[in-house]
Amino acid sequence: MSRVGRMPIPVPQGVSVALDGPSVTVTGPQGMLARRVPAGISVGQDGDVLVVERADDERQQRALHGLTRSLVANMVTGVTQGFTKELEIVGVGYRAVARGPESIELALGYSHPVVVDAPEGITFEVPTPTRIVVRGIDKELVGQVAADIRKTRKPEPYKGKGVRYSGERVLRKAGKAAK
């Protein structure tokens, strides 16, 4: 039995869970999330906890058991608290400007500004010109949007300039050796 998969998922007050065959819908104060559960995996509600079970001990089912439990737990956390990813911009002249909560404009050393529009359910905050905060209720979507922003100018290994996650360490390379 999967150690992660067998842990029950507590459902806090104010969160409702709808189980309809292979689909799970979680509604809370932040919004609503829905996901289909893979075949052979079932989600059941036992009072104020959710339990994820698998049909048999085949390799595929064992692999999906813990994954499904984590995805459903992230849905419950997302509709109650939400998720954030913070990005830092390092480099002279590199900056971000908010153009409303759904769009940001990045100056990253290119000949043109890079405009990033947020998909539905994602908002941006720019507390300082060198920090970007990505917020949303879907953990997967928040991480993907943050990765796409980072991809516009990855941190380079010689000077460390670029967009990086908050707290990310960039391994630096030595430059040319002098004669």
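Contact here means heavy atoms within 4.5 Å. All views show a predicted model.

**View 1. Helix 1 against strand 3 and strand 4.** Helix 1, residues 59-80, lies across strand 3 and strand 4. Relative to strand 4, the helix runs at about 170 degrees.

**View 2. The open sheet of strands 2, 3 and 4.** The three strands are arranged in the order 2-3-4, with antiparallel pairing, and the sheet is open. Strand 2 (16-20) and strand 4 (32-36) stand at the edges; each has a single partner strand, so one side of each is left without a neighbour in the sheet. From one strand to the next, the twist averages 15 degrees. Strand 2 and strand 3 (residues 23-27) run antiparallel and are joined by five bridges. Leu-19 has Val-24 in strand 3 as its bridge partner. Strands of a sheet pair through backbone hydrogen bonds, in either a parallel or an antiparallel sense.

**View 3. The open sheet of strands 8, 9 and 10.** Here three strands in the order 8-9-10 form an open sheet with antiparallel pairing. The edges are strand 8 (95-98) and strand 10 (114-117); since each has a single partner strand, one side of each lacks a neighbour in the sheet. The twist from one strand to the next averages 25 degrees. Four bridges connect strand 9 (residues 103-107) with strand 10, and the two pair in the antiparallel sense. The bridge partner of Glu-105 is Val-115 in strand 10.

**View 4. The salt bridge between Glu-140 and Arg-35.** The structure holds eight salt bridges. In the one between Glu-140 and Arg-35, the closest N and O atoms are 3.1 Å apart. Glu-140 belongs to helix 2 (residues 139-151) and Arg-35 to strand 4, so the pair ties together parts that are 105 residues apart in sequence. Glu-140 is exposed, because its relative accessible area of 53% is over the 50% cut-off. Arg-35 counts as partly exposed, at 27% relative accessibility.

**View 5. The salt bridge between Arg-131 and Glu-86.** The side chains of Arg-131 and Glu-86 meet in a salt bridge with an N to O distance of 2.2 Å. Arg-131 is in strand 12 (residues 131-136) and Glu-86 is in strand 7 (residues 83-90), so this pair links parts that are 45 residues apart in sequence. Arg-131 is partly exposed at 25% relative accessibility, and Glu-86 is also partly exposed, with a relative accessible area of 32%.

**View 6. The salt bridge between Lys-151 and Asp-148.** Between Lys-151 and Asp-148, the closest N and O atoms of the salt bridge are 3.9 Å apart. These two residues of helix 2 are separated by about one helical turn, because they are three residues apart. Lys-151 counts as exposed at 57% relative accessibility, whereas Asp-148 is partly exposed, with a relative accessible area of 34%. Elsewhere, Glu-86, Glu-88 and Arg-131 are joined into one network by salt bridges that share partners.

**View 7. The surroundings of Gly-175.** Gly-175 is placed in the segment after strand 13 (162-165). The residue is exposed, with a relative accessible area of 57%. Gly-175 and Pro-157 are 18 residues apart along the chain, and their C-alpha atoms are separated by 9.6 Å.

Definitions and conventions:
Residues numbered from 1 in each chain as written. Predicted model: local features only at pLDDT ≥ 70, side-chain atom pairs only at ≥ 80, totals over all residues. Heavy atoms only, no water. Buried < 20%, exposed > 50% of the residue type's maximum accessible area, 1.4 Å probe, protein only. Pairing = 2+ DSSP bridges. Axes fitted to C-alpha atoms, helices over the stretch in contact; angles between N-to-C directions. Salt bridge = Lys/Arg side-chain N within 4 Å of Asp/Glu carboxyl O.
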